[in-house]
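Please read these points with the sequence and the structure open beside you, and check each one against what you see. They are written for someone new to reading protein models.

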Amino acid sequence: MCAHVLVAEDDEMQAELIRRSLLAEGHTATVVHDGAAALDAARRLRPDLVVLDLMLPVVDGFGVCRVLRGSDEDLPVLMLTARSEEDDVLLGLELGADDYMTKPYSPRELMARIRTVLRRSGRAVGVREDPVVRAAGITVDPARHEVRCDGEPVECTPAEFQILLAMAGEPERVFSRRQLLQCTRGFDRASTERAIDVHVMNLRRKIEADPRRPVRLLTVFGVGYKLSGARP
């Protein structure tokens with residue numbers, strides 16, 4: 001069973017715990033921390049399931065679920081809530097959530113619930129219809145774990161792959177070293193924020209015509225890195 005799961009959770013530690021658990025189960029995961037980002041990621045990436053915290057900033061989980069149901073009524077949604085009031089749970093289910101869990105919960109129980117929802121929905125497959133993300137001539141296919149640059153295959157380490165997957169999914173977004181470090185957790189346990197510079201340097205050797213003058217993977221001084229949205 002393999003799926004792409006969108007995790008919308010504003011608590012970064014909880015989100016990272018869920019992401020690692022999903023990766024250990026063989027899934028791919030995209031993590032966002034507010035409701036507006038969740039709606040954008042759902043539209044662009046077409047995930048197989050959304051793990052949705054109700055207490056999100058910008059747009060709360062109820063609002064996210066309402067919009068998702070209006071655009072893709074078959075997309076499975078598993079709600080996470082710190083509020084166990086019956087009215088909150090019932091409202092979430094009435095909006096179309098497939099299941100819910102109240103905090104605190106065990107990662108093992110959450111993964112079991114995810115397996116059940118995916119199996120029930122029929123979205124747990126080996127390769128999704130269109131899992132590919134593209135930017136700047138870079139194609140990243142998380143289902144096949146393949147990267148291509150201008151059509152040519154690129155060999156990447158697992159950490160490099162996760163960095164490219166995150167950046168290609170949001171071209172022109174500036175990622176801090178800390179944010180990119182979160183992408184590599186579970187794949188590169190010895191990594192530090194400064195090690196991200198090494199990963200970027202190695203990626204430039206693989207995707208840039210001249211790594212000393214990059215036009216795809218760019219440095220934003222004092223902030224971090226971004227992947228250009230334009231093809232060179």
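1. In this predicted model, one open sheet is built from three strands in the order β10-β12-β11, and their pairing is antiparallel. Because β10 (175-176) and β11 (217-220) stand at the edges with a single partner strand each, one side of each is left without a neighbour in the sheet.

2. The link between β10 and β12 deserves a careful look, since β12 covers residues 224-227 and pairs with β10 in the antiparallel sense over two bridges. Within this pairing, phenylalanine 175 has tyrosine 225 of β12 as its bridge partner. Helix α8, which covers residues 193-207, packs on this sheet and touches β11 and β12, and the direction of α8 makes about 145° with that of β11.

3. Another open sheet has five strands, placed in the order β2-β1-β3-β4-β5, and here the pairing is parallel. Its edge strands are β2 (28-32) and β5 (99-102), each of which pairs on one side only. If direction is ignored, neighbouring strands of this sheet are turned against each other by 20° on average.

4. Inside the five-strand order, β3 sits next to β4, and it is worth following how they are joined. Strand β3 (residues 49-53) pairs with strand β4 (residues 77-81) in the parallel sense over four bridges, and leucine 52 has methionine 79 in β4 as its bridge partner.

5. Two helices can be described together with these strands. Helix α1, made of residues 12-24, lies across β1 (4-8), β2 and β4 and runs at about 170° to β2, while helix α2, made of residues 35-45, lies across β1 and β2 and runs at about 165° to β1.

6. Which residues are the closest to the centre of the largest pocket? This pocket holds about 620 Å³ of space, and of the 29 residues that line it, Val31, Val32, Arg173, Phe175 and Cys183 are the closest to its centre. Phe175 has thus appeared already, as the residue whose bridge partner in β12 is tyrosine 225.

7. Several elements named above return in the lining of the largest pocket, to which α1, β2, α2, α6 (158-169), β10 and α7 (177-184) each supply at least two residues. When the lining is sorted by class, it has 13 nonpolar residues, together with eight polar and eight charged ones.

Conventions: Residues are numbered from 1 along each chain as its sequence is written. This is a predicted model: local features need pLDDT of at least 70, side-chain atom pairs count only at pLDDT 80 or more; totals for chains, interfaces and linings use all residues. Side-chain values use heavy atoms; hydrogens and water are left out. Two strands pair if DSSP finds at least two bridges between them. Contact means heavy atoms within 4.5 Å. Axes are lines fitted to C-alpha atoms, for helices over the stretch in contact, and angles run from 0 to 180 degrees between N-to-C directions. On a 1 Å grid over the protein atoms alone, a cavity is a set of points where a 1.4 Å probe fits but cannot get out, and a pocket is an open set with protein on both sides within 12 Å along at least five of seven lines; lining residues have an atom within 4 Å of a point. Grid points are joined across faces, edges and corners, and a volume is the space filled by probe spheres set on the points. Ala, Val, Leu, Ile, Met, Phe, Trp, Tyr, Cys and Pro count as nonpolar, Asp, Glu, Lys and Arg as charged, and the others, Gly among them, as polar.
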